[in-house]
Structures are given as C-alpha cells and as structure tokens.
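Please open the model in your viewer and keep the selection panel at hand, since each stop on this tour begins with something to select.

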Amino acid sequence: MSNIIKNDKIIAWIKIVVGISMPIAVLIGYLPIPEYLVEFTCISNTLGGLFLVADGILNLNGKSIPGVLYRNISAGIFFVFAICMGSLSGAYHMNFEGAFFYLHALSPVLFILCYILFFNDREGKAVKKLLVTPVLMLLYLLFDFVLGKFRGSFVYGFFEPDEVSITDALIIGAVFYLMMFAVGALFLFLNKLAHKNKENNSRVE
C-alpha cells in the first residue's frame, strides 16, 4: 500500500512539473508578440498546464479534476501538434524556434501521455464522454470566426473571412467535430488500455 501511495505522489508531481512548464513556455514565447495570444497554441497550452497543475495538487489529496477537461484539452492540443507536424511538408510555415518548439511539438505529447497514462478514465459511458470532447475546439473555431469577421483576418490565415460564409463555417465545424470525436475515441481507447490492469487488480483485491 505504501508503494502505491508513493507512486501516486510521484505521478502527481510529474503532472505539476509538466503543467508548470506549459504556461511558462507560453509566457516566454508570447510575451514578445502579445498580438498572437489569441492563437490556439497559446490557449490550449495555458489551459492544459493549469489543468495539470490543478490535477496534480488534487491528486496529492486523493482527488482529481473532471475527465472532460482532460479529453477536451487532449483532443484540442493534438490538433496543434498535427497542424505543426503537417507544416514540415513545406506546404505552410509554423514556428518551431525557441519556446515554440516546446509548445508545438513537445508539450502536446507530454499532456496527452499524462492523460493516457496517469488519469484513469475507464468509468462512464464512452459515447457520452466523446460527445462533449470536441467542445473546446468548436468554441475556439467560433471565437476565431467571430473575431475574423470583425478584424478582417482569421488567426491562422488559412482562409479569408470573406471566403467563409455561415454555411461554410457550419460545415467546417461539423468536420472538426467529427475529427475531434475520432481523436478523442482513440485517446479514450488508449487510456482504457493503459488502465486495464489497474481495474483487474482492484477486482482481485
């Protein structure tokens, strides 16, 4: 029992350390360019870091943050990772210099691993969990759409606001919802796989 408690505390401190590193990297990367604070990289890394710190602190007291927060950030921050990795093809440019290498390439992987390996998300119906997994991404797309219409440019500039009607936005939102649903399903499956032995051990005890 003492070993289990010790391991739980180590995991909690891993979450806290990783969590603290994410908003620190955000500050280092974005303070010189505050006009880019609206990027999803900034928002997802900041939220992800705060959630990890909160979960680590709660874990030290035998508690945890709601799983819906982990799932939303995991799916959303994977979008950051996937888009940035796609830029390596040369089709478009994403920043990998300094703190942005951490924010774009490392922190998404670390956060997703923290969710899969260190958060037991086996309880509850998978479909209900997955239905709300894309919410953060959809809220950001709505924010970007409204902001883009007001200032005349979207955050990432893949499209011009005049080119995207409300109907187009709804279609894009539906496509992203399905993609985030699928990504969430994959991560939830990996999470359940990672914690399968824990459930079996609890049944034996």
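A residue counts as buried when its relative accessible area is under 20%. The model on screen is a predicted one, and the tour begins with a residue to which that cut-off applies.

Select His104, which lies in helix H4. Because its relative accessible area is 2%, His104 is buried. Now display its surroundings: leaving aside residues up to four places away in sequence, His104 touches Thr41, Val80, Phe81, Cys84, Met85, Met94, Asn95 and Phe96.

Next, select helix H2, residues 40–59, which spans 27 Å from its first C-alpha to its last, close to the 28 Å expected for its 20 residues at 1.5 Å a residue. Among the buried residues of H2 are Phe40, Thr41, Asn45, Gly48 and Leu52.

Keep H2 visible and add H4; the two helices pack at an angle of about 35°, with their axes 11 Å apart, and their crossing is left-handed. Here Thr41, Asn45, Gly48 and Leu52 of H2 meet Leu103, His104, Ser107, Phe111 and Cys114 of H4, a contact that comprises 4 nonpolar, 5 polar and no charged residues.

Then widen the view to the largest nonpolar core, which has 36 residues, and colour those with the most contacts inside it: Met22, Phe40, Leu52, Tyr70, Phe111, Tyr115 and Met137. Helices H1, H2, H3, H4, H6 and H7 each supply at least two residues of this core, and the largest share, 8 residues, comes from H4.

Finish at Met137, which touches Phe40, Gly76, Phe79, Phe176 and Met180, again not counting residues up to four places away in sequence.

Technical notes. Residues are numbered from 1 along each chain as its sequence is written. This is a predicted model: local features need pLDDT of at least 70, side-chain atom pairs count only at pLDDT 80 or more; totals for chains, interfaces and linings use all residues. Side-chain values use heavy atoms; hydrogens and water are left out. A nonpolar core is a set of buried Ala, Val, Leu, Ile, Met, Phe, Trp, Tyr and Cys residues joined through side-chain atoms within 4.5 Å. Buried means under 20% relative accessible area, exposed over 50%, partly exposed in between (1.4 Å probe, protein chains only). Helices (H or I, at least four residues) and strands (E, at least two) are DSSP runs, numbered from the N terminus. Contact means heavy atoms within 4.5 Å. The expected span of a helix is 1.5 Å times one less than its number of residues. Axes are lines fitted to C-alpha atoms, for helices over the stretch in contact, and angles run from 0 to 180 degrees between N-to-C directions. A crossing is left-handed if the near helix is turned anticlockwise from the far one by less than a right angle, and right-handed if clockwise. Ala, Val, Leu, Ile, Met, Phe, Trp, Tyr, Cys and Pro count as nonpolar, Asp, Glu, Lys and Arg as charged, and the others, Gly among them, as polar.
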